[in-house]
Amino acid sequence: MPIWGCRMIEALYNFFIDPFVRMAADFPIFFAEIVISGLLAGVMYSLVALGFVLIFKASGVFNFAQGVMALFAGLFLTGFMNDFGIPAWLAIPMTVAVMVATAWLIERLVLRHLVNQEPIILFMATLGLAYVLEGVGDLIWGSDVKLLDIGIPSGAWDWALDSVGIYVEKIELTAAIVAAGLVIVLAYFFQYTRIGRALRAVADDHQAALSVGISLRTIWVIVWSVAGIVALVAGIMWGTKSGVQFSLSLIALKALPVLILGGFTSIPGAIVGGLIIGVGEKIAEVYWGPVVGGAIENWFAYMLALAFLLFRPQGLFGEKIIERI
Amino acid sequence: MFYREVGDFKTSYAADQAIFPIRQDRWFMAILLVVAFVVVPFGVNDYWANAILVPFLVYSLAVIGLNILTGYCGQVSLGTGGFMAVGAYATYKLTTAFPELNFVVVLLMSGFITAGVGVLFGLPSLRIKGFYLAVATLAAQFFLIWLFNKVGWFYNYNATGQITMPTRELFGIAVTGAGTSPVVKYLFCLTIVALFAWVAKNLVRGRFGRTWMAIRDMDIAAELIGVRPLFAKLSAFAVSSFYVGLAGALHFSVWFGAIEVTEAYSINVSFLVLFMVIIGGLGSILGSFLGAAFLVLMPILLKNFMTEGLGMLAVTAKHTEILLMGVLIIFFLIVEPHGFARLWQIAKEKLRLWPFPY
C-alpha cells in the first residue's frame, strides 16, 4: 500500500506539476522553439482544414475526400515533373487544370444526383469519392513514395538558428507565408468579387440564391475547384516535407479536430483552430508525452477539440445554432 | 397473389403485435432459419466459414449495433472500430484472468464493459450534434487504439503486443482456438447473432426504440413530449456499444483468434461498418444484414473476378478494387439512398399487388 501510494503521488506529480516546472525552467528559448514549431505545424493543418471549410460553407457537404484530394494533386504534380520532366512552373498550372476537371466531373457525376439528400448520405458519397480518387491516382502513378521538389528550400532557417538559437524549418516557414497569402487571396475573392458574392449567397441560403438567378451547379464546380487548388497547395507543402505517398491522405484526419475546434463554417476558424491544435499538440507531446508513454499525437488533438466543444458546441467561430420547433 | 395479408385474421393483441404479422413472412423466416441452422452446416468448409459466413455474421452484429445508434437514434458515430477493440480486449482479459468462466458469460460481460465505455464516450452527444459529434467520436477511436497499444496490462505484457485467444469449450466442444471446426464457428456465431437480432428487433419496436426515433426525428420536440434526451441518447449509446462490443469479441475470439489492434480495429473498420449501415438502410434491422452481406461479398467477388477472370496483377487488382468499391458506393447512394431495406420494401409492395397491379 505505501508503495502504491508513493507511486500514485509520483504519477500525479509527473502529470500535473512536473510539466509546468519544466516549462518554466527552460522558459525562453526551448519553450519558444516548441511554440513556434507548433504554430508552424498548425499552419500545415490549417491548409487542409481550409479546403473542408470552403466546401462545407458553400454546399453543406462534409467533404471527407479533402485529404485524398491533396494526395491526388500531389501525385499528378510529381507525375508530371518526375515522369515527364515538365518544369514546376508549367506542371503546377497543369495540375490546377486537372483539379478543375476533377471538380467538374465530381459535380457532374456525383453531386448533381444527390441534391437534397441527407447530410450523412453526402458525407458517405465523399468517402466513396475518396476511394475513387485514391484508386485512380494509384492506378495512374503507382503507389510508391515519390519525392516532390519544386524548389522550396529545406533545412533549418540559418538566421533564426544563429541569432536567437531557435530551430525553424524553412519549409514550414514557407508554408506559413503561403497560407497567409492564400487566406488573403481567398478573403479578397469571397469579399470583393462577383463570384465570391454569389458563393456567400449560396452559403447563406440555397433557395434564395437560386431565385435570384445564381446557378448552383456552376457555384459548386467553382467551390470544388478552389478546394482542389487549396488541396494542391497542401499537397505541395506536405509532399515536400514527407514525400508524396498514401499516408498523405491521412492528413485529413489531422485536419478534422482543427475543423471542429474552429467551426465548420469559418475560414478564420480554420486558421486559429490550426494554430491552437498545433501548439497544444507540440506542448503536450514534449511535456506530457513521456509521462503517458508517447505517441499521443493521434488522439490528443481530438481530446483538445472535444474539451473546447463542451463549452462551445458549434466551435470557436462557427455559426450559432438556433433551434426552433 | 400469394403474398398478402388478406385472410390472415388476428384474434388477439399478441397476434397483432407480432414481429411478422403476415403469415408468408413467418414461413419465409422459418425456412430461412432452418436452412441457416440445418442445411448450411453440411456445406461449410474452412474457406466458406472463415472468409464469408463468419465475417458476415460478425459484421451483421456490429452493423445492427451502429444502426441502433445512427439509424434509430440519429447520432453519427465513427468510433465503431475502437468499441470493437474494447470488446475484443475485454474478452481477452476476462478469459485469461478467469479461464474457468463459461465463454458465453465472458462474451456477455465483454458486451457490458463495452456498453460502459460507450456511455462514457456518448456523454458529449448531449451537447454536441451532427458532424461535430461524428468527429468527436473519432477521439474514442484513436484514444482506445492508442490505449490498447501502449498499456501492457491489456495484452498481458507479452513481447509481440498481439493478443491470442486460448481454446475455450462449450458443452465439451471447442468454440475458439486453433483447432475449432468451421461448422462450430459458424453455428456458434449464428446462434448469437440470431438471438441478438431478435432482441434488437424487439427493442427498436418497443418503448426504447420509440424514444430513440423521437430523438432522431427532432430532439427538442421529443423533449417537449416527455422523452428524456439524456436517458434516450445514453441508452442508445449503451445498447449500440453492447452490440458492437459483442461483435468485436466474436471478431477476435472466433473469427481471427489472434489480433494486432492497430490493424484489426483501425478507422477503416469504423468506415466499413458505417458503409454497411448506409447501404443496408438506416433504421432497419433487415437492412443491417443485407448491408453486411453486400460489403463482405463484394470485395471477394471483385478480387476473384479481376485476378482470375481478367488475369490482372495483384497490385493493379488491389487499386482497381479500391476504385470500384468507391464507384459502387457512390452508385448505390445515387440510385437508392435509403439502402437495400428500401428496395426490399418496394419489392414487397409490388409483390402484394402482383399479378394484378391495378
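**Entry 1: the contact between the chains**

How many residues does the contact take from chain B and from chain A? I looked this up at the start and found 41 residues from chain B and 50 residues from chain A, where contact means heavy atoms within 4.5 Å. I noted that this is a predicted model, in which local features need pLDDT of at least 70 and side-chain atom pairs count only at pLDDT 80 or more, while totals for chains, interfaces and linings use all residues. Residues are numbered from 1 along each chain as its sequence is written, chains are lettered from A and ligands numbered from 1 in the order in which they are written, and side-chain values use heavy atoms, with hydrogens and water left out.

I then looked up the buried area, which is the accessible area (1.4 Å probe) that two parts lose on being put together, summed over both. Chain B and chain A bury about 4,200 Å² between them, and 83% of this lies on carbon and sulfur atoms. Of the area that chain B buries against chain A, 19% comes from Phe131(B), Tyr132(B) and Trp146(B), more than from any other three residues.

For polar links across this interface, I found two residue pairs in polar contact, both at pLDDT 80 or more. A polar contact is a pair of N or O atoms within 3.5 Å; within protein, one must be able to donate a hydrogen and the other to accept it, and residues adjacent in sequence count only if both atoms are side-chain atoms. The interface of chain B and chain A has zero salt bridges, a salt bridge being a side-chain nitrogen of Lys or Arg within 4 Å of a carboxyl oxygen of Asp or Glu.

I also noted which helices of chain B take part, helices (H or I, at least four residues) and strands (E, at least two) being DSSP runs numbered from the N terminus. Helix H6 (130-150), helix H9 (219-224), helix H12 (267-280) and helix H14 (314-335) of chain B each supply at least two residues of the side that touches chain A. H14(B) gives the most to that side, with eleven residues.

**Entry 2: chain A**

I counted 13 helices and zero strands in chain A. Of the 325 residues in chain A, 51% are buried, where buried means under 20% relative accessible area, exposed over 50%, and partly exposed in between (1.4 Å probe, protein chains only). Among the contacts in chain A with a separation of 6 or more, 74% are between residues 24 or more positions apart.

**Entry 3: salt bridges**

Side chains of opposite charge can pair when their charged atoms come close. Over all chains, I found four salt bridges.

One of them joins Glu281(A) to Lys254(A), with the closest N and O atoms 3.7 Å apart. This pair links distant parts of the chain, since Glu281(A) is in helix H12 (residues 267-292) and Lys254(A) is in helix H11 (residues 251-262) of chain A, 27 residues apart. Glu281(A) counts as buried, at 7% relative accessibility.

In chain B, Lys348(B) and Asp25(B) meet in a salt bridge at 3.6 Å, N to O. Lys348(B) lies in helix H15 (residues 339-353) and Asp25(B) in helix H2 (residues 23-43) of chain B, 323 residues apart. Lys348(B) is partly exposed at 23%, whereas Asp25(B) is buried at 14%.

Asp217(B) forms a salt bridge with Arg216(B), the closest N and O atoms being 3.1 Å apart. Here Asp217(B) counts as exposed at 58%, and Arg216(B) is partly exposed at 33%.

**Entry 4: aromatic rings**

My search of the whole structure gave 40 aromatic pairs over all chains. Rings of Phe, Tyr and Trp (its six-membered ring) pair if their centres lie within 6.5 Å; planes under 30 degrees apart count as stacked, over 60 as edge-to-face and the rest as tilted. Tyr188(A) and Tyr192(A) have ring centres 5.4 Å apart and planes at 40°, so this pair is tilted. Both lie in helix H7 (residues 170-192) of chain A, four residues apart, about one turn of the helix. Tyr188(A) is exposed at 52%, and Tyr192(A) is exposed at 57%.

I noted one aromatic cluster whose members include Phe52(A), Phe123(A), Tyr132(B) and Phe271(B).
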